[in-house]
Amino acid sequence: MAAEVLDALKPAPNGRYADGTIGGGGHAERILAASPPTGWLFGCDRDGAAVEAAQQRLQQRFSGRFELRRANYSEMGEWIPAASCDGIILDLGVSSPQLDRAERGFSFQGEGPLDMRMDDRQTLTAADLVNGSDVEELARIFWELGGERESRRFARAIVHDRAQRKFETTAQLAGLIERIAPRGGKKTHPATKIFQALRIAVNDEMGSLKGGLEAALKILKPGGRLAVITFHSLEDRIVKAFGREKTRDYTFSGPVDEPELRQPRPPEMKWVSRKAIMPGETELSENPRSRSAQLRVLEKI
(Lines give C-alpha, C1' and ligand atoms only; values in the text may rest on other atoms or scores of the structure.)
Protein backbone atom coordinates (compact mmCIF):
# COMPACT_ATOMS: atom_id res chain seq x y z
CA MET A 1 0.00 0.00 0.00
CA ALA A 2 2.91 2.28 -0.75
CA ALA A 3 0.97 4.71 -2.95
CA GLU A 4 -1.82 5.01 -0.38
CA VAL A 5 0.69 5.68 2.41
CA LEU A 6 2.41 8.42 0.39
CA ASP A 7 -0.93 9.97 -0.42
CA ALA A 8 -1.86 9.95 3.27
CA LEU A 9 1.44 11.36 4.58
CA LYS A 10 2.08 13.76 1.68
CA PRO A 11 5.90 13.94 2.15
CA ALA A 12 7.29 17.42 1.52
CA PRO A 13 10.75 19.01 1.19
CA ASN A 14 12.32 19.54 4.60
CA GLY A 15 9.69 17.31 6.24
CA ARG A 16 10.54 15.00 9.11
CA TYR A 17 9.05 11.53 9.23
CA ALA A 18 9.20 8.34 11.28
CA ASP A 19 8.85 4.70 10.26
CA GLY A 20 8.32 2.65 13.40
CA THR A 21 8.30 -0.71 11.62
CA ILE A 22 10.98 -0.14 9.03
CA GLY A 23 11.30 -3.73 7.83
CA GLY A 24 13.43 -3.76 4.68
CA GLY A 25 13.01 0.00 4.17
CA GLY A 26 10.36 0.07 1.44
CA HIS A 27 8.14 2.77 2.93
CA ALA A 28 11.18 4.69 4.16
CA GLU A 29 12.72 4.72 0.68
CA ARG A 30 9.56 6.13 -0.89
CA ILE A 31 9.15 8.78 1.81
CA LEU A 32 12.74 9.99 1.42
CA ALA A 33 12.46 9.95 -2.38
CA ALA A 34 9.33 12.10 -2.13
CA SER A 35 10.84 14.68 0.26
CA PRO A 36 14.03 16.03 -1.38
CA PRO A 37 16.36 17.65 -0.85
CA THR A 38 16.47 17.57 2.95
CA GLY A 39 13.53 15.46 4.12
CA TRP A 40 14.56 13.43 7.16
CA LEU A 41 13.46 10.02 8.42
CA PHE A 42 13.72 8.33 11.80
CA GLY A 43 13.36 4.57 11.54
CA CYS A 44 13.32 1.65 13.93
CA ASP A 45 12.54 -2.05 14.12
CA ARG A 46 12.92 -4.76 16.74
CA ASP A 47 14.42 -7.07 14.14
CA GLY A 48 18.16 -6.52 13.81
CA ALA A 49 18.24 -8.09 10.34
CA ALA A 50 15.54 -5.67 9.19
CA VAL A 51 17.44 -2.64 10.46
CA GLU A 52 20.59 -3.82 8.69
CA ALA A 53 18.69 -4.42 5.43
CA ALA A 54 17.07 -0.98 5.61
CA GLN A 55 20.44 0.67 6.35
CA GLN A 56 21.97 -0.88 3.24
CA ARG A 57 18.96 -0.03 1.08
CA LEU A 58 18.85 3.64 2.07
CA GLN A 59 22.55 4.43 2.40
CA GLN A 60 23.45 4.92 -1.26
CA ARG A 61 20.66 7.32 -2.21
CA PHE A 62 19.86 9.04 1.07
CA SER A 63 23.06 9.18 3.11
CA GLY A 64 22.85 11.84 5.81
CA ARG A 65 19.05 12.02 5.69
CA PHE A 66 18.01 9.28 8.12
CA GLU A 67 18.69 7.73 11.51
CA LEU A 68 17.90 4.09 12.21
CA ARG A 69 17.82 2.30 15.53
CA ARG A 70 17.08 -1.21 16.68
CA ALA A 71 14.16 -0.56 18.98
CA ASN A 72 10.49 -1.25 19.58
CA TYR A 73 8.31 1.45 18.03
CA SER A 74 6.61 1.88 21.39
CA GLU A 75 9.90 3.52 22.46
CA MET A 76 9.89 6.18 19.71
CA GLY A 77 9.01 8.91 22.19
CA GLU A 78 12.20 8.21 24.14
CA TRP A 79 14.61 9.13 21.32
CA ILE A 80 12.64 11.09 18.71
CA PRO A 81 11.99 14.71 19.78
CA ALA A 82 8.44 15.56 20.81
CA ALA A 83 6.29 17.36 18.23
CA SER A 84 9.00 16.96 15.58
CA CYS A 85 7.41 14.73 12.92
CA ASP A 86 5.21 15.64 9.96
CA GLY A 87 4.20 12.02 9.40
CA ILE A 88 4.52 8.53 10.86
CA ILE A 89 3.95 5.11 9.30
CA LEU A 90 3.33 1.92 11.29
CA ASP A 91 3.08 -1.18 9.08
CA LEU A 92 2.09 -3.84 11.57
CA GLY A 93 2.39 -7.60 11.75
CA VAL A 94 5.06 -9.94 10.49
CA SER A 95 7.15 -9.09 7.42
CA SER A 96 7.67 -11.23 4.32
CA PRO A 97 11.39 -11.79 5.08
CA GLN A 98 10.45 -13.07 8.54
CA LEU A 99 7.81 -15.41 7.12
CA ASP A 100 10.03 -16.64 4.31
CA ARG A 101 13.00 -17.58 6.50
CA ALA A 102 12.19 -20.95 8.06
CA GLU A 103 14.84 -20.49 10.76
CA ARG A 104 12.81 -17.62 12.26
CA GLY A 105 9.98 -20.02 13.10
CA PHE A 106 7.07 -17.77 12.08
CA SER A 107 5.58 -20.04 9.43
CA PHE A 108 4.45 -23.63 9.13
CA GLN A 109 5.27 -23.66 5.39
CA GLY A 110 8.83 -24.83 6.11
CA GLU A 111 10.31 -26.63 9.08
CA GLY A 112 12.16 -24.46 11.54
CA PRO A 113 12.61 -23.94 15.28
CA LEU A 114 9.49 -22.91 17.18
CA ASP A 115 10.85 -19.42 17.79
CA MET A 116 8.77 -16.46 16.45
CA ARG A 117 10.82 -13.73 18.16
CA MET A 118 10.93 -10.46 16.24
CA ASP A 119 13.81 -9.44 18.50
CA ASP A 120 16.15 -12.38 19.01
CA ARG A 121 17.65 -10.64 22.06
CA GLN A 122 14.58 -11.51 24.12
CA THR A 123 14.45 -14.87 25.86
CA LEU A 124 10.78 -15.88 25.47
CA THR A 125 10.07 -18.04 22.41
CA ALA A 126 6.98 -19.79 21.05
CA ALA A 127 8.46 -23.09 22.25
CA ASP A 128 8.56 -21.70 25.79
CA LEU A 129 4.86 -20.87 25.65
CA VAL A 130 3.83 -24.15 24.02
CA ASN A 131 5.87 -26.29 26.41
CA GLY A 132 5.42 -24.25 29.57
CA SER A 133 1.82 -22.99 29.63
CA ASP A 134 -1.06 -24.96 31.12
CA VAL A 135 -4.25 -25.80 29.22
CA GLU A 136 -6.10 -22.71 30.45
CA GLU A 137 -3.36 -20.31 29.43
CA LEU A 138 -2.86 -21.90 26.01
CA ALA A 139 -6.61 -21.87 25.35
CA ARG A 140 -6.78 -18.21 26.37
CA ILE A 141 -3.91 -17.28 24.01
CA PHE A 142 -5.44 -19.20 21.10
CA TRP A 143 -8.90 -17.70 21.62
CA GLU A 144 -8.08 -14.11 22.55
CA LEU A 145 -5.18 -13.57 20.15
CA GLY A 146 -6.14 -15.93 17.34
CA GLY A 147 -9.91 -16.19 17.53
CA GLU A 148 -9.52 -19.97 17.39
CA ARG A 149 -12.85 -21.66 18.16
CA GLU A 150 -11.14 -24.98 18.87
CA SER A 151 -8.77 -23.31 21.33
CA ARG A 152 -9.43 -25.63 24.27
CA ARG A 153 -9.29 -28.78 22.16
CA PHE A 154 -5.95 -27.78 20.66
CA ALA A 155 -4.58 -26.75 24.06
CA ARG A 156 -5.45 -30.13 25.57
CA ALA A 157 -3.84 -31.97 22.64
CA ILE A 158 -0.63 -29.94 22.99
CA VAL A 159 -0.37 -30.61 26.72
CA HIS A 160 -1.02 -34.32 26.13
CA ASP A 161 1.60 -34.67 23.38
CA ARG A 162 4.32 -32.64 25.06
CA ALA A 163 4.29 -35.08 28.00
CA GLN A 164 5.92 -37.57 25.63
CA ARG A 165 8.01 -35.14 23.60
CA LYS A 166 8.52 -31.39 23.87
CA PHE A 167 7.57 -29.25 20.90
CA GLU A 168 10.67 -27.93 19.16
CA THR A 169 9.75 -27.23 15.51
CA THR A 170 7.05 -25.50 13.52
CA ALA A 171 6.33 -28.68 11.55
CA GLN A 172 5.82 -30.64 14.76
CA LEU A 173 3.18 -28.20 16.04
CA ALA A 174 1.48 -27.73 12.67
CA GLY A 175 1.41 -31.49 12.21
CA LEU A 176 -0.40 -32.01 15.50
CA ILE A 177 -3.03 -29.39 14.64
CA GLU A 178 -3.60 -30.85 11.17
CA ARG A 179 -3.82 -34.35 12.58
CA ILE A 180 -6.67 -33.54 14.95
CA ALA A 181 -8.35 -31.03 12.59
CA PRO A 182 -7.69 -32.29 9.04
CA ARG A 183 -7.52 -29.65 6.34
CA GLY A 184 -10.03 -31.44 4.14
CA GLY A 185 -9.37 -29.34 1.06
CA LYS A 186 -9.76 -26.03 2.88
CA LYS A 187 -7.65 -23.15 1.57
CA THR A 188 -6.52 -22.07 5.04
CA HIS A 189 -4.24 -24.33 7.08
CA PRO A 190 -5.86 -25.33 10.43
CA ALA A 191 -2.79 -24.09 12.33
CA THR A 192 -3.01 -20.53 10.93
CA LYS A 193 -4.76 -18.99 13.93
CA ILE A 194 -2.60 -20.92 16.40
CA PHE A 195 0.58 -19.57 14.83
CA GLN A 196 -0.82 -16.04 14.74
CA ALA A 197 -1.79 -16.19 18.40
CA LEU A 198 1.61 -17.52 19.52
CA ARG A 199 3.44 -14.87 17.48
CA ILE A 200 1.37 -12.06 18.98
CA ALA A 201 1.89 -13.41 22.50
CA VAL A 202 5.64 -13.96 22.12
CA ASN A 203 6.18 -10.40 20.87
CA ASP A 204 3.50 -8.68 22.99
CA GLU A 205 2.28 -7.08 19.77
CA MET A 206 -0.88 -5.60 21.27
CA GLY A 207 1.06 -3.97 24.11
CA SER A 208 3.56 -2.58 21.62
CA LEU A 209 0.76 -1.21 19.45
CA LYS A 210 -0.92 0.62 22.32
CA GLY A 211 2.41 2.11 23.40
CA GLY A 212 3.36 2.92 19.82
CA LEU A 213 0.18 4.86 19.13
CA GLU A 214 0.74 7.00 22.22
CA ALA A 215 4.38 7.53 21.23
CA ALA A 216 3.29 8.56 17.74
CA LEU A 217 0.92 11.19 19.15
CA LYS A 218 3.75 12.55 21.28
CA ILE A 219 6.25 12.98 18.43
CA LEU A 220 3.80 14.29 15.80
CA LYS A 221 3.62 18.01 15.06
CA PRO A 222 0.19 19.65 14.97
CA GLY A 223 -1.06 18.88 11.48
CA GLY A 224 1.15 15.80 11.28
CA ARG A 225 -0.40 12.52 10.17
CA LEU A 226 -0.27 8.97 11.51
CA ALA A 227 -0.81 6.14 9.01
CA VAL A 228 -1.32 2.64 10.42
CA ILE A 229 -1.60 -0.54 8.35
CA THR A 230 -3.27 -3.40 10.21
CA PHE A 231 -3.67 -7.02 9.15
CA HIS A 232 -6.18 -8.51 11.56
CA SER A 233 -9.15 -7.47 13.67
CA LEU A 234 -7.25 -7.29 16.98
CA GLU A 235 -4.90 -4.63 15.63
CA ASP A 236 -7.68 -2.77 13.87
CA ARG A 237 -9.84 -2.63 17.00
CA ILE A 238 -7.00 -1.08 18.98
CA VAL A 239 -6.35 1.54 16.29
CA LYS A 240 -10.06 2.40 16.07
CA ALA A 241 -10.36 2.62 19.86
CA PHE A 242 -7.33 4.92 19.99
CA GLY A 243 -8.87 7.06 17.26
CA ARG A 244 -12.22 7.30 19.05
CA GLU A 245 -10.52 8.35 22.27
CA LYS A 246 -8.26 10.97 20.71
CA THR A 247 -10.93 12.48 18.44
CA ARG A 248 -13.53 12.91 21.23
CA ASP A 249 -14.25 16.42 22.49
CA TYR A 250 -14.76 15.20 26.04
CA THR A 251 -13.21 12.93 28.65
CA PHE A 252 -14.71 10.88 31.47
CA SER A 253 -13.58 9.16 34.64
CA GLY A 254 -14.10 5.48 35.27
CA PRO A 255 -14.29 2.51 32.91
CA VAL A 256 -17.69 3.38 31.38
CA ASP A 257 -18.61 6.42 29.29
CA GLU A 258 -21.54 7.84 31.28
CA PRO A 259 -22.95 11.04 29.66
CA GLU A 260 -23.50 12.73 33.02
CA LEU A 261 -19.80 12.24 33.93
CA ARG A 262 -18.39 13.71 30.70
CA GLN A 263 -16.06 16.70 30.93
CA PRO A 264 -15.37 18.88 27.85
CA ARG A 265 -11.88 18.92 26.37
CA PRO A 266 -10.42 19.77 22.96
CA PRO A 267 -9.89 16.70 20.72
CA GLU A 268 -6.26 15.78 20.12
CA MET A 269 -6.67 14.24 16.66
CA LYS A 270 -9.11 13.96 13.77
CA TRP A 271 -9.77 11.19 11.27
CA VAL A 272 -8.48 11.88 7.78
CA SER A 273 -10.87 9.17 6.62
CA ARG A 274 -13.28 7.33 8.89
CA LYS A 275 -13.32 4.33 6.58
CA ALA A 276 -10.30 2.07 6.23
CA ILE A 277 -8.38 2.30 2.95
CA MET A 278 -8.07 -1.10 1.28
CA PRO A 279 -5.40 -2.32 -1.17
CA GLY A 280 -6.18 -1.90 -4.86
CA GLU A 281 -6.26 -4.59 -7.52
CA THR A 282 -2.67 -3.92 -8.62
CA GLU A 283 -1.40 -4.28 -5.05
CA LEU A 284 -3.36 -7.50 -4.56
CA SER A 285 -2.01 -9.03 -7.76
CA GLU A 286 1.59 -8.11 -6.94
CA ASN A 287 1.40 -8.91 -3.22
CA PRO A 288 -1.30 -11.44 -2.26
CA ARG A 289 -0.32 -11.09 1.42
CA SER A 290 -1.79 -7.58 1.36
CA ARG A 291 -5.34 -8.94 0.97
CA SER A 292 -6.12 -8.41 4.67
CA ALA A 293 -4.39 -5.02 4.96
CA GLN A 294 -6.31 -1.95 6.12
CA LEU A 295 -4.89 1.57 6.25
CA ARG A 296 -6.27 4.08 8.77
CA VAL A 297 -5.07 7.69 8.97
CA LEU A 298 -5.30 10.22 11.80
CA GLU A 299 -4.11 13.83 11.93
CA LYS A 300 -2.92 15.61 15.06
CA ILE A 301 -4.78 18.82 15.84
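The centre of this predicted model is an open sheet of seven strands in the order β3-β2-β1-β4-β5-β9-β8, with mixed pairing; strands here (E, at least two residues) and helices (H or I, at least four) are DSSP runs, numbered from the N terminus, and two strands pair if DSSP finds at least two bridges between them. β3 and β8 (269-271) stand at the edges, and each has a single partner strand, so one side of each is left without a neighbour in the sheet. Neighbouring strands of this sheet are turned against each other by 15° on average, with direction ignored; axes are lines fitted to C-alpha atoms, for helices over the stretch in contact, and angles run from 0 to 180 degrees between N-to-C directions. Strands of a sheet pair through backbone hydrogen bonds, in either a parallel or an antiparallel manner.

Before going further, the reader should know that residues are numbered from 1 along each chain as its sequence is written, and that side-chain values use heavy atoms, with hydrogens and water left out. Because the model is predicted, local features need pLDDT of at least 70 and side-chain atom pairs count only at pLDDT 80 or more, while totals for chains, interfaces and linings use all residues.

One end of the sheet can be followed strand by strand. Strand β1 (residues 16-19) pairs with β2 in the parallel sense over four bridges, and A18 has F42 as its bridge partner in β2. Strand β2 (residues 40-45) is in turn joined to β3 by five bridges, and these two strands also run parallel; here F42 has E67 as its bridge partner in β3. From β2 the chain crosses through α3 to β3, a β-α-β crossover that is right-handed, meaning that, with the strands pointing away from the viewer, the path from the first strand over the helix to the second runs clockwise. The loop between α3 (48-62) and β3 (66-70) holds G64, which is exposed, with a relative accessible area of 60%; exposed means over 50% relative accessible area, buried under 20%, and partly exposed in between (1.4 Å probe, protein chains only). G64 and A155 are 91 residues apart in sequence, and their C-alpha atoms are 51 Å apart in space.

Two helices can be placed against this sheet. Helix α2 lies across β1, β2, β3, β4 (85-91) and β5 (220-230), and runs at about 175° to β2. Six of the eight residues of α2 (residues 26-33) are buried, which leaves the helix mostly covered; the buried ones are G26, H27, A28, E29, I31 and L32. In the loop between α2 and β2 lies P37, which is joined to P36 by a cis peptide bond with omega of about 0°.

Helix α11 (residues 205-219) also packs on the sheet, where it touches β1, β4, β5, β8 and β9 (294-300), and its direction makes about 155° with that of β5. S208 belongs to helix α11 and is buried, with a relative accessible area of 5%. Leaving aside neighbours within four places in sequence, S208 is in contact (heavy atoms within 4.5 Å) with R46, N72, Y73, S74 and N203. P81, found in the loop between α4 (76-79) and β4, is partly exposed, with a relative accessible area of 42%. Apart from neighbours within four places in sequence, P81 is in contact with F42 and I219, and the C-alpha atoms of P81 and K218, 137 residues apart along the chain, are separated by 8.6 Å.

Another helix pair deserves attention. Helix α7 (residues 135-146) and helix α10 (residues 192-202) pack at an angle of about 95°, with their axes 8 Å apart, and they are therefore roughly perpendicular to each other, a description that covers angles of 65 to 115 degrees. On α7 the contact is made by I141, F142, L145 and G146, and on α10 by K193, I194, Q196, A197, L198, I200 and A201.

Two loop residues other than glycine have a positive phi. M116, in the loop between α5 (96-100) and α6 (126-132), has phi near 75° and is buried, with a relative accessible area of 0%. D204, in the loop between α10 and α11, has phi near 45° and counts as partly exposed at 46% relative accessibility.

How values were computed. Parallel < 35°, antiparallel > 145°, perpendicular 65-115°, else oblique.
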